[in-house]
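I opened this one in the viewer to take some notes before going back to the bench. Entries follow in the order I looked things up.

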Amino acid sequence: MKTWFITGVSRGLGLALAQAALARGDTVVGTVRAGAPDLVAGPGVLHVLTLDMTDAQSLPSVVDQAFALAGTIDVVVNNAGYGLLGAIETATDDEVARLFEVDFFAPFRLIRTALPHLRTQGRGHIVNVTSIAGRAPGAGSGLYAAAKFALEGLSASLAQEVAPIGVHVTAVAPGAFRTDFLSSHSIRKSEAAAGDYDASVGKAAQAFDGMAGRQLGDPARAAEAILAIVDAKAPPRQLLLGSDALRRAREKLDAQIAEMDAWEAATLATDHA
Ligand SMILES: NC(=O)c1ccc[n+]([C@@H]2O[C@H](COP(=O)([O-])OP(=O)(O)OC[C@H]3O[C@@H](n4cnc5c(N)ncnc54)[C@H](OP(=O)(O)O)[C@@H]3O)[C@@H](O)[C@H]2O)c1
């Protein structure tokens, strides 16, 4: 039986993960921005705290409260987040600042607050929900990709920092999952229109619109995959979720290796003689 702290259990992947953990008897401290999540607690134990990820002042006390409620926490999940679609050229400072606040700075602050507790425990697992956009980005979601790349980078470094103290870190990168992610309740679109980008950004936006409600990924199955990694003796540092994510990640890596090989001579020519 495990204890969890999960951000964003009101909907989508966070709700599915919290429900799967509760169904097997785990204890979940979940956060919502408002209201009560549609979760059946038994046989597990559910505590719900209120947290808006943009509220940097409240975040540390909510994390401390979660540890106080649960005693110890085995798994800390940075799940809450949202996407921003649009051309990089037309994104406003406010749009980008808010996106990074929710998708990167809040997860960072949460980890920073949780770490002293996890160090005292001498064990724990931090799961950061990133995105395939944070590994193999396409056009039209450059700033979302940038925020998720940042969380991927932090995760990869943090995993090495905290391994000696018994804490695992996994960056979980989903492909397209059938949640509210692409709904108007969640996804944000840059306000400014960018006519010259019809062939790239416009095409991507249309593809996202067409995908809403028909995404391949099943949130309940994503939850099972996350349960499996936190139960594993040797959890991965990165996990892709979904066949689309696997295909995109492989294509990206193959292209990256091919380009690295093609330009190897230029790369090697820069060392001191
Ligand atoms: N579904 C996908 O296709 C997909 C793909 C790649 C990555 N992801 C990532 O997966 C994670 C979960 O997304 P999802 O698919 O479950 O989307 P979702 O159905 O839209 O759920 C998003 C969750 O994040 C919460 N949230 C958003 N902004 C918040 C804020 N400022 N403060 C606190 N909570 C906030 C939402 O709470 P409210 O109910 O209060 O809005 C909700 O619980 C996100 O990090 C997302 O980037 C999703």
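Before anything else, a note to self on terms: helices (H or I, at least four residues) and strands (E, at least two) are DSSP runs, numbered from the N terminus. I also remind myself that this is a predicted model.

**Entry: a proline in a loop**

I went to Pro43, which sits in the loop between β2 (27–32) and β3 (45–50). The peptide bond joining Gly42 and Pro43 is cis, and I read omega as about 5°.

**Entry: the whole protein**

I counted 8 helices and 9 strands in the protein. How does the radius of gyration sit with that of a compact globule? The protein has 19 Å, and a compact globule of 273 residues would be near 19 Å, so the two agree. The C-alpha trace spans about 55 × 50 × 35 Å along its principal axes.

Next I looked up burial and contacts. Of the 273 residues, 46% are buried. Among contacts with a separation of 6 or more, 70% are between residues 24 or more positions apart.

Then the surface: about 13,600 Å² is exposed, with carbon and sulfur atoms supplying 55% of it. For charge, I have 23 positive and 29 negative side chains down, and the centres of the two sets lie 7 Å apart.

**Entry: Ala18**

I picked Ala18, in helix α1 (residues 12–23). Is Ala18 buried or exposed? Its relative accessible area is 0%, which is under 20%, so Ala18 is buried. Setting aside neighbours within four places in sequence, I find Ala18 in contact with Ile6, Val9, Val28 and Leu39. I also checked Ala18 against Asp231: they are 213 residues apart in sequence, and 15 Å apart in space from C-alpha to C-alpha.

**Entry: Asp26**

Asp26 is in the loop between α1 and β2. I had to look twice at this aspartate, but its relative accessibility is 1%, so Asp26 counts as buried. Which residues touch Asp26, leaving aside neighbours within four places in sequence? I get Met1, Lys2, Trp4, Ala21, Gly44 and Val45. Asp244 is 218 residues from Asp26 in sequence and 30 Å from it in space, C-alpha to C-alpha.

**Entry: helix α4**

I checked the length of α4 (residues 142–162) against the expected rise. Its 21 residues should span 30 Å at 1.5 Å a residue, and the end C-alpha atoms are 30 Å apart, so that agrees.

I then listed the buried residues of α4, which include Leu143, Tyr144, Leu151, Leu154, Leu158 and Val162. Lys148 and Glu152 are also among the buried residues of α4. What covers them? I noted α3 (93–121), along with β5 (84–85), β6 (124–129), β7 (167–174) and β9 (238–241), as part of the cover.

**Entry: helix α5 and the glycine after it**

Last stop was α5 (residues 198–211), a helix of 14 residues. From its first C-alpha to its last, α5 reaches 18 Å, close to the 20 Å expected at 1.5 Å a residue. Just after α5 I found Gly213, which takes a positive phi of about 85°.

Notes: Residues numbered from 1 in each chain as written. Predicted model: local features only at pLDDT ≥ 70, side-chain atom pairs only at ≥ 80, totals over all residues. Heavy atoms only, no water. Rg over C-alpha atoms; globule rule 2.2 N^0.38 Å. Buried < 20%, exposed > 50% of the residue type's maximum accessible area, 1.4 Å probe, protein only. Contact = heavy atoms within 4.5 Å. Areas by Shrake-Rupley, 256 points an atom, 1.4 Å probe, with all protein chains shown as cover. Lys, Arg positive; Asp, Glu negative; His and termini not counted. Charge placed at Lys NZ, Arg CZ, Asp CG, Glu CD. Expected span 1.5 Å × (residues − 1).
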